[in-house]
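Please look over the structure below before reading on. The paragraphs that follow walk through its spaces and its helix contacts, one topic at a time.

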Amino acid sequence: MTADMHELALAEGVIQTAAKIAEEQSISEITEVIIQVGELQQVDHEVLRFALERLRTPTMRNARFTIESIPGRLKCRICGEEWNFNPESLSEETSEAIHFVPEVAHAYISCPGCGSPDFHVLEGRGVLLASIRGVKRDE
Amino acid sequence: MEKIGKIIAVSSGKGGVGKSVVASALALGLRDRGHRVGLLDLDFTSPASHVILGVEGLYPEEEYGIISPLAHGLRYMSITYYSLDKPTPLRGSDVSDAIIEILAITRWEELDYLIIDMPPGIGDATLDMIRLVEGIQFLLVTTPSKVAYETVRKQIGLLRRLEITIIGVLENMVMKPSNYVREQLAMNKVCHLGEVGFDPGLEDALGNVVKFTETDFYSNVDGIIARL
């Protein structure tokens, strides 16, 4: 995987969103940020963590970044089959394509039951800021 | 996209009216006038501009997201970098997610114009671009056919309702004199940008940018750009 800079951009998105929420919710100090990372996009957790540490703002200077992995779960719209996304079965080129634009999975993956590419991603697509914990300004 | 001067969506209610060739010609014409131009192919299920421009073997550079490669002097972005030549069937929600992903990861450098080759209709891509891209303007393409214009008429209605700027309507593939589209647009108070005749020589020029810019089609579109 040669997508380190993409993780940096994702981390920036997480940090900006967390900072915005803290501002909106009058949180003076963020203590924990929980990030859910979908397996489909094959984000490198270590690179993401490194980037988060580097980008943390003063409001989150002591915050713990918890990164949870969400398995990629796919469901066929034709036959109803559900299956797990298996990154091991893809070439490096395909993995990288899905890493950048997860929807191109429809070009490379088909239902193991009926062969249709008409599936949807039940869970594990992208990077989600699941929650933040912190101390309110007026507390 | 804050470094982009003008964002122009080349769009139509109907497929097959020449959006991609018009978008390509518009991008190249602006390039030849010394502008910095990007071309984004947003027709994810049926991308075509890479065929028109003969773009092969390019791949975006990664640098804090991705940087669209230079193709014939244009910053060119297409889903085909990732889907290659494979069919990519996408439902509406997938189209929306892919649009957001492409807009989020692509880092455009300073551009005077970004031309967007839109998929036909007023579905997901059109609604998403209106929702996500502030200041987007639409250049509509129709043929002289009542069937094509009927879809463009509805598109004009939508854009008007949403207070989106319509640069005008280009009438493509004109084969015989007709005032139908011109009169309809006058009634709707939308600018008729001009007519582009059906060019039997266009097909043989696709895939070769030099030949493409030598076609009657290209010089017709170029004449329209000069008047914009």
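**From an inner cavity outwards**

The largest cavity holds about 40 Å³ of space, in what is, it should be said at the start, a predicted model. The structure contains 1 cavity of 30 Å³ or more. Its lining is made by B:Val22, B:Leu26, B:Leu139, B:Leu170, B:Val221, B:Ile224, B:Ile225 and B:Leu228, and the elements that give two or more residues to that lining are helix H1 (19-32) and helix H10 (216-227) of chain B. Of these, H10(B) provides the largest share, with 3 residues. Sorted by class, the lining of the largest cavity comprises 8 nonpolar residues, no polar ones and no charged ones.

The two helices named for the cavity also pack against each other. H1(B) and H10(B) meet at an angle of about 60°, and their axes are 9 Å apart; the crossing is right-handed. On the side of H1(B), the contact is made by B:Val21, B:Val22, B:Ala25, B:Leu26, B:Leu28, B:Gly29, B:Leu30 and B:Asp32, while H10(B) brings B:Phe217, B:Tyr218, B:Val221, B:Asp222 and B:Ile225. This contact divides into 10 nonpolar, 1 polar and 2 charged residues. A reader tracing both lists will find B:Val22, B:Leu26, B:Val221 and B:Ile225 in the lining of the largest cavity and again in the contact of H1(B) with H10(B).

From the cavity we can turn to the largest pocket, where about 1000 Å³ of space lies. It is lined by 31 residues, and those nearest its centre are A:Ala9, B:Leu103, B:Ala104, B:Ile105 and B:Thr106. Which elements each supply at least two residues of this lining? They are helix H1 (4-24) and strand E6 (127-136) of chain A, together with H4 of chain B. H1(A) gives the most, with 8 residues. By class, the lining of the largest pocket has 16 nonpolar, 7 polar and 8 charged residues.

Chain A, which takes part in that lining through H1(A) and E6(A), has a secondary structure of 4 helices and 6 strands. Read from the N terminus on, its elements follow the order α-β-α-β-β-β-α-α-β-β. Taken along the principal axes, the C-alpha atoms of chain A fill a box of roughly 55 × 30 × 15 Å.

In chain B, the helix that helps to line the pocket, H4(B), has a packing partner of its own. Helix H4 (residues 92-105) of chain B packs with helix H5 (residues 124-132) of chain B at an angle of about 40°, their axes lying 9 Å apart, and the two helices are therefore oblique to each other. Their crossing is right-handed. From H4(B), the residues B:Gly92, B:Val95, B:Ser96, B:Ile99, B:Ile100 and B:Leu103 meet B:Asp124, B:Ala125, B:Asp128, B:Met129, B:Arg131 and B:Leu132 of H5(B). In this contact 7 residues are nonpolar, 2 are polar and 3 are charged. B:Leu103 thus appears in the contact with H5(B) and is also one of the residues nearest the centre of the largest pocket.

A further pair in chain B completes the tour. The axes of helix H6 (residues 146-161) of chain B and helix H7 (residues 180-188) of chain B come within 11 Å and cross at roughly 20°, and H6(B) and H7(B) are therefore roughly parallel to each other. H6(B) passes H7(B) in a right-handed crossing. The residues that make the contact are B:Lys146, B:Tyr149, B:Arg153, B:Ile156 and B:Arg160 from H6(B), with B:Tyr180, B:Val181, B:Gln184, B:Leu185 and B:Asn188 from H7(B). They divide into 5 nonpolar, 2 polar and 3 charged.

Conventions:
Residues numbered from 1 in each chain as written. Chains lettered and ligands numbered in written order. Predicted model: local features only at pLDDT ≥ 70, side-chain atom pairs only at ≥ 80, totals over all residues. Heavy atoms only, no water. Axes fitted to C-alpha atoms, helices over the stretch in contact; angles between N-to-C directions. Parallel < 35°, antiparallel > 145°, perpendicular 65-115°, else oblique. Left-handed = near helix turned anticlockwise from the far one by under 90°. Contact = heavy atoms within 4.5 Å. Nonpolar A, V, L, I, M, F, W, Y, C, P; charged D, E, K, R; others polar. 1 Å grid on protein atoms, 1.4 Å probe; cavity = no way out; pocket = protein on both sides within 12 Å on 5 of 7 lines; lining within 4 Å. Points joined across faces, edges and corners; volume = space filled by probe spheres on them.
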